[in-house]
Amino acid sequence: MEHGGAVSFEKGSVYTRRQIHEAVGGSARAALPTRGGTVVCACLTRERNPRAPQEMAVGGKGRAVRLARAFAASGEAVPVFVRARRGGWEYTGARRVRSVTEEPGALLALVAEGAPPDISVVLHLEEAGGAAAPLRQPPVAVGG
C-alpha cells in the first residue's frame, strides 16, 4: 500500500483498520483520522452514514465538526472507506467534499433514513478521479 511517500489502495478491496492506520496514520478508531492535525482518510459506517460513500454525517458540535469543516475547506481528497463487514473496510476511492449541508430540514431527512439524531453537518463527497493513481498525503491542517 505504501509506495515511496505515496499511498495507494485498490478500489473495491477490503482492508482492516490496522492496515489503513499503518498506511496513512491517524487514529485506528475515528471516522476522520488525523495525523499532525491533518485529515488522512474517512472511515464510514452505514449505521451513521446511510448514504455513504456519497455523504458523511457528522454529529455533535466539537472536534468532529471542526475537522469536517476543515476537511471541506481544504478541497483535498482523502481515501474513503466504508465498513463492509466486521473488521473489513472497503476502499471506495479518493474523495473530496463537494458541498456541506447544515440546514435542519436536510439533516432531519437523513435522520429519517437512519442517521443518528445528533448529526449537525453533512459532507457531500465526490470522487477525485484517477482512482488507480497513488494518493499523496493531503495538507489538511486543522485547529484543535
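What share of the contacts in the protein chain with a separation of 6 or more comes from residues 24 or more positions apart? The figure is 63%, where a contact means heavy atoms within 4.5 Å. Before going on, a word on provenance: this is a predicted model, so local features need pLDDT of at least 70, side-chain atom pairs count only at pLDDT 80 or more, and totals for chains, interfaces and linings use all residues. Residues are numbered from 1 along each chain as its sequence is written, and side-chain values use heavy atoms, with hydrogens and water left out.

**Overall layout**

The protein chain has 3 helices and 11 strands; these are DSSP runs numbered from the N terminus, with helices being H or I of at least four residues and strands E of at least two. Reading from the N terminus, the order is β-β-β-α-β-β-β-β-α-β-β-α-β-β. Of its 144 residues, 46% count as buried. Here buried means under 20% relative accessible area, exposed means over 50%, and partly exposed is in between, using a 1.4 Å probe and protein chains only. The protein chain exposes about 7100 Å², and carbon and sulfur atoms supply 50% of that; the areas come from the Shrake-Rupley method with a 1.4 Å probe, and for residues only the protein chains shown count as cover.

**Helix H2**

Helix H2 takes in residues 63-74, and its 12 residues should span 16 Å at 1.5 Å a residue. The expected span is 1.5 Å times one less than the number of residues, and the end C-alpha atoms are indeed 16 Å apart, which agrees. Buried in H2 are Val65, Leu67, Ala68, Ala70, Phe71 and Ala72. Their cover includes strand E7 (55-59), strand E8 (78-85), strand E9 (88-101) and strand E10 (119-127). Just after the helix, Gly75 has a positive phi of about 75 degrees.

**Aromatic rings**

The whole structure holds 5 aromatic pairs. Rings of Phe, Tyr and Trp (its six-membered ring) pair if their centres lie within 6.5 Å; planes under 30 degrees apart count as stacked, over 60 as edge-to-face and the rest as tilted. Two of the pairs involve Phe9:

| Pair | Centre to centre | Angle between planes | Type |
|---|---|---|---|
| Phe9 and Tyr15 | 5.1 Å | 75 degrees | edge-to-face |
| Phe9 and Phe81 | 4.9 Å | 90 degrees | edge-to-face |

The Phe9 and Phe81 pair links distant parts of the chain: Phe9 is in the loop between strand E2 (6-7) and strand E3 (14-15), Phe81 is in strand E8, and they are 72 residues apart. Phe81 is buried at 0% relative accessibility, Phe9 is buried at 7%, and Tyr15 is buried at 11%. Ring pairs join Phe9, Tyr15, Phe81 and Tyr91 into a cluster.

Elsewhere, the charged end of Arg17 sits over the ring of Trp89, 5.1 Å from its centre. That label requires NZ of Lys or CZ of Arg within 6 Å of the ring centre and within 35 degrees of the ring normal.

**Cysteines**

With a disulfide taken as a pair of cysteine sulfur atoms within 2.5 Å, the count is 0. Cys41 is in no disulfide, and its nearest cysteine sulfur, that of Cys43, is 3.9 Å away, which is too far for a bond. Both residues are tucked away all the same: Cys41 is buried at 1% relative accessibility, and Cys43 is buried at 4%.
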